[in-house]
Amino acid sequence: MIRIINIFFIIFFLLSSKAYSLIEIDITRGNLDPLPIAVSPLFQDDNSKRNSINELKIENVGSEISLVVENNLKISGLFNPLSKEAFLQKPDIAHLKPRFEDWALIKAQALITGKVTIEDKKLKVEFRLWDILAGREMMALAFTTVPGNWRRVGHIISDKVYERLTGEKGYFDTRIIYVSEEGPKTARVKKLAIMDQDGFNTKYLTLGNELVLTPRFNPTSQMVTYLSYFKNLPRVYLLDIETGTQEVVGDFPGMTFAPRFSPDGKKIIMSFAKDGNSDIYTMDLENRIVERITNHPSIDTSPSYSPDNRFITFNSDRSGFQQIYVMKSDGSNVKRISFGKGLYGTPVWSPRGDLIAFTKLHKGKFYIGVMRTDGSGERLLTENYYQEAPSWSPNGRVLIFYRETKSNDKGEGFSAKLWSIDLTGYNERQVQTETDASDPSWSSLLSN
Amino acid sequence: MNFSKSFRNTFLVILLSLIVSACATKKTTTTVEGQMQGDVYTGTDTVKYLADGVPDRVFFATNESILTTKSRDTLRKQANWLRENSSINVVVEGHADERGTREYNLALGERRANAAKDYLITYGISADRISVISYGKERPVDSGSNPLSWSKNRRSVTVKAN
């Protein structure tokens, strides 16, 4: 713990010596005092407004983009976007040169302004971030894209602002792949679904004819590996999101499940169950060479690589009950790391490499928690009736997972929803989905 | 000296017997809720029959794949029936309750289905006639969230494959 604090201290020291602005946000602690920020609607001239209506059927795409930014900053829990009704300056004038006193008057510490033009089927956006207290510009950026990408523009602006003010990469220009669920518990229909991180642009990737589970992105977020019961043969599949092509990768003489990509995207690691025993295997996606990683009569499943490819954490009941283990990626040096009370499952290595997130079952309650990779420093973030399957935001600051509610004896009252929580244990929120949802997997940053 | 030693020994013996009897009472007191023994479902009300008197499913304790006496009895009936109907192949489905992580439950379902399959094999049914599939916690028969519902869902089900 002390080491971690020291590391944070060093990071902060380095950052603060680099930064020249007065505003900084500490994201390493629960933020109970979010930064007041004013997100001015992005200015759009009349000509662009006409083009906006023609191209997007949206009257004021500048306003809409500012709402995307505002919502992202709000759900991060680090910012408090101020009500636009209190804004004194017009968007176009503020974008040229804000009257800092006016913005200070409404207690804003930071201000985002911008300008949008749509011409020749191109969307051009420029924005600026202002430090109100210091009375100066902190950042100015412009980009051009196709008009249909306007929500992504809002996400990219959010990421730039987050990065400038926290010193760490954002996680807004990302997508979530998950399993959409409908129907009664005894006859649940499940489909693969993908959406923007903020719940918009949902697309369904399978029709619900066969059971699908546990989709996970590859590092570039172009491919997904998942479990499908196509033709009643539970096997690991690979799906190209852009082209829609699917193929079996785990066509072994038995069930393959619990797939995940290696951090370099070259392999899929998964469980293969045969004759009552599940072990961990990898498949090289280029040459299709299969390697056996564990060989033990117990259940070995839920493998997840460390970001440097050198280690694998996994779930095994070789001690008699479900516990978390770490081994070298060749399967040697197996060590148990979970020793607290209860059962542990679904270990997943943080993209920063320092932590493993997990699900814990103890005395009839389910917890999402984190521990260091040697098992020390266990910290439980949230307790509930049922929740599992954490997935990390690409910057390693937020976990998304799913939660189920208890049903009554008739099976009524059941629901499955996605939730997110900060690594600090604060800022727990339900993530909006069109249907019930489970098994979320967070993509990498799409714009990088 | 001697007296106190023997007194201590007697005391220890009494203490030990108390502990043992405490354990024993704990073990024999099964919570009979609906139709459960320990936490294994013993009822027959949800059972479909492969044929008259041949139940299709057996039930397991939480996190377990050990066959109970009752399960073995059911599986022997299935084996007899399969011997008499040698043209029929079966799929043994393995299932888990909703109180476990999805991936572990898939593995657990597979283990349960194989426990049933292995027992059928020891009673003379050829392994080629039995395939297994695990549904983990994906296909409950009872949608309640209570110990009795969960015990009905921790099961393996033998279904005709052709």
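Which domains does the domain assignment of chain A give? Keep in mind that this is a predicted model. The assignment splits off domain 1, covering 35-166, and domain 2, covering 175-442. If you put a point at the C-alpha centre of each domain of chain A, those two points sit 36 Å apart.

So much for the layout; now for where the two parts touch. On the domain 1 side of chain A, 5 residues are in contact with 8 residues of domain 2, counting a contact when the C-beta atoms, placed from the backbone, lie within 7 Å. Helix α3 of chain A (residues 61-75) gives the most to that domain 1 side, with 3 residues. Sorted by class, the domain 1 side that touches domain 2 in chain A has 1 nonpolar, 3 polar and 1 charged residues.

Next, have a look at a sheet in chain A. Here 4 strands line up as β22-β23-β24-β25, forming an open sheet with antiparallel pairing. Strands of a sheet pair through backbone hydrogen bonds, and that pairing can be parallel or antiparallel. In chain A, β22 (343-349) and β25 (379-384) are the edge strands, each with a single partner strand, so one side of each has no neighbour in the sheet. On average, neighbouring strands of this sheet are turned by 20° against each other, ignoring direction.

To zoom in on one edge, follow β24 of chain A (residues 365-372): this strand pairs with β25(A) in the antiparallel sense, over 5 bridges. And for a residue-level landmark, find Phe366(A), which stands opposite Asn384(A) in β25(A).

How values were computed. Residues are numbered from 1 along each chain as its sequence is written. Chains are lettered from A and ligands numbered from 1 in the order in which they are written. This is a predicted model: local features need pLDDT of at least 70, side-chain atom pairs count only at pLDDT 80 or more; totals for chains, interfaces and linings use all residues. Domain bounds come from an automatic or database domain assignment. Two residues are in contact if their C-beta atoms, placed from the backbone, lie within 7 Å. Helices (H or I, at least four residues) and strands (E, at least two) are DSSP runs, numbered from the N terminus. Ala, Val, Leu, Ile, Met, Phe, Trp, Tyr, Cys and Pro count as nonpolar, Asp, Glu, Lys and Arg as charged, and the others, Gly among them, as polar. Two strands pair if DSSP finds at least two bridges between them. Axes are lines fitted to C-alpha atoms, for helices over the stretch in contact, and angles run from 0 to 180 degrees between N-to-C directions.
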